[in-house]
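Here are a few exercises to work through with the model open in your viewer. Try each task before reading its solution.

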Amino acid sequence: MRLSATRRHFFAWTQGLLALCASGGRTGGELKVDYYDKLGVTKIINAAGTYTALTASIMPPSVQAAVAEAAKHPVRLAELQKAAGEYLAKRLQCEAALVTAGAASGLTLATAACITRGQADAIESIPVDLRGLKNEVIVQKAHRNDYDHALLNCGIRFVEVKTLADYQKAFNAQTAMAHFFNAAEAGSISREDWVRVAHSHQVPCLNDAAADVPPISNLWNYTKMGFDLVTFSGGKGMRGPQNAGLLLGRKDLIEAAKANAMPISATIGRGMKVAKEEIVGMVAAVDWFLSQTDEGMAAEFTARANRIGDYLKSVPGLQSRIAIPPVANRIPHLVLTYDQARVKITPTAVANELRHGSPCIELNPATGQRNSHGVTGDEDAIVVGVWMLRPGEEMIVAQKLHEVLTNAI
Ligand SMILES: *Cc1c(COP(=O)(O)O)cnc(C)c1O
């Protein structure tokens, strides 16, 4: 049997396509393998928020493209770090900037900077030998949190204060730094007083604002307020690479932080390497984030929340409202309550069903919690963090919630 030219062509094309599939999707010399599938790792729908254990965020397409492009070319790491820092400082209206391996790394490098500034020899000796170095960091007792370990890594000890009077008395010749936890829910000393008193003792102030954008302007609010160093997580609201972050602030202190960082090997920061892909990704994420508006983001997240709330209207006793936490994760979250006498399932049990369902959905951890880190504080509520959902996923969440809730009637 003779094949016509078009059929021959079609035949060759389909054979080629089959060969392509068999090769695992090799196109033009590029391999496209879904390693989550290959490794058997569950892809989740993130209706929680920017939680580290859930890989925090998805980079927007422009950031993913910048990372992929950066991966193709070797460069000099120190030159890239310097150029990125100068670009970011301009865009973020501060004296100087450093791309770190996340906000936790920013905390360590900031502390190392304040201990070792002006003493080059000290860089090699921290954290094991702090003889002759300032080793105290002042902090409000209510600001102590898990990330303190990042400061302790430098060998410092914390000096805790409660009142402004305590704070004024806490400074001595050993004071290296004053540390502020921006999203702390308690603590009586304001940011302004924190900075003013520290500066009257010529002591630099660090602010951990890791999860505190939006609003976008927070990227310069705290440096302009006088904090000498401010750190942000790159992979949370800014949607950069998860292992990137920003340390912003005074030029001499950023230089001192850099002296404690990679690519220099005998430093505390050497294990916090930031690869070229992450440095470029962080810069691209800042460009992306600055192209957004607070109003635009709030409108989009509110619209998603309303679509879910509307879909669930028929659930007995359903009330939906929007909650905006005060400092960290300050964006609209959806809070749902329902008549638990008629819908016989607790919010925690709903979260478990979604977690073990298909597709796997993670709800905000404030669901069913009284202590919810500023989100709601209602143990009878389901909380949906809508901001990290990919386009359209809110309807999958709505349908699944509807199914689980109505099955419990
Ligand atoms: C998330 C977070 C960090 C750590 O940020 P990474 O970028 O993951 O290192 C530090 N401090 C606070 C308050 C945070 O919320």
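**Exercise 1: the neighbours of a strand**

In this predicted model, Asn207 sits opposite Val230 of strand E7. Work out how E6 (residues 205–208) is paired on either side, and how the chain gets from strand to strand.

Solution, step by step:

- Start with E7 (residues 229–233): it runs parallel to E6, and three bridges join the two.
- Now trace the chain between them. It leaves E6, passes through helix H10 (residues 218–225) and arrives at E7, a right-handed β-α-β crossover.
- Next, look at E5 (residues 175–181), which pairs with E6 over four bridges, again in the parallel sense.
- Here Phe181 is the residue facing Asp208 of E6.
- The link from E5 to E6 goes through helix H9 (residues 191–200), and this β-α-β crossover is right-handed too.

**Exercise 2: two faces**

Which residues of E6 lie on each side, and are they buried or exposed?

Solution, step by step:

- Recall that side chains in a regular strand alternate between the two sheet faces.
- Sort E6 that way: Cys205 and Asn207 go on one side, Leu206 and Asp208 on the other.
- Check burial: all four of these are buried, so both faces of E6 are covered.

**Exercise 3: a helix pair**

How do H5 (residues 103–116) and H11 (residues 251–258) pack?

Solution, step by step:

- The axes are 8 Å apart, at an angle of about 105 degrees.
- Angles of 65 to 115 degrees count as roughly perpendicular, so that is the label for H5 and H11.
- At the contact, Leu109, Ala113 and Cys114 of H5 meet Leu253, Ala256 and Ala257 of H11.
- Classify these contact residues: six nonpolar, no polar and no charged.

Notes: Residues numbered from 1 in each chain as written. Predicted model: local features only at pLDDT ≥ 70, side-chain atom pairs only at ≥ 80, totals over all residues. Heavy atoms only, no water. Axes fitted to C-alpha atoms, helices over the stretch in contact; angles between N-to-C directions. Parallel < 35°, antiparallel > 145°, perpendicular 65-115°, else oblique. Contact = heavy atoms within 4.5 Å. Nonpolar A, V, L, I, M, F, W, Y, C, P; charged D, E, K, R; others polar. Buried < 20%, exposed > 50% of the residue type's maximum accessible area, 1.4 Å probe, protein only. Pairing = 2+ DSSP bridges. Right-handed = clockwise from strand over helix to strand, strands pointing away.
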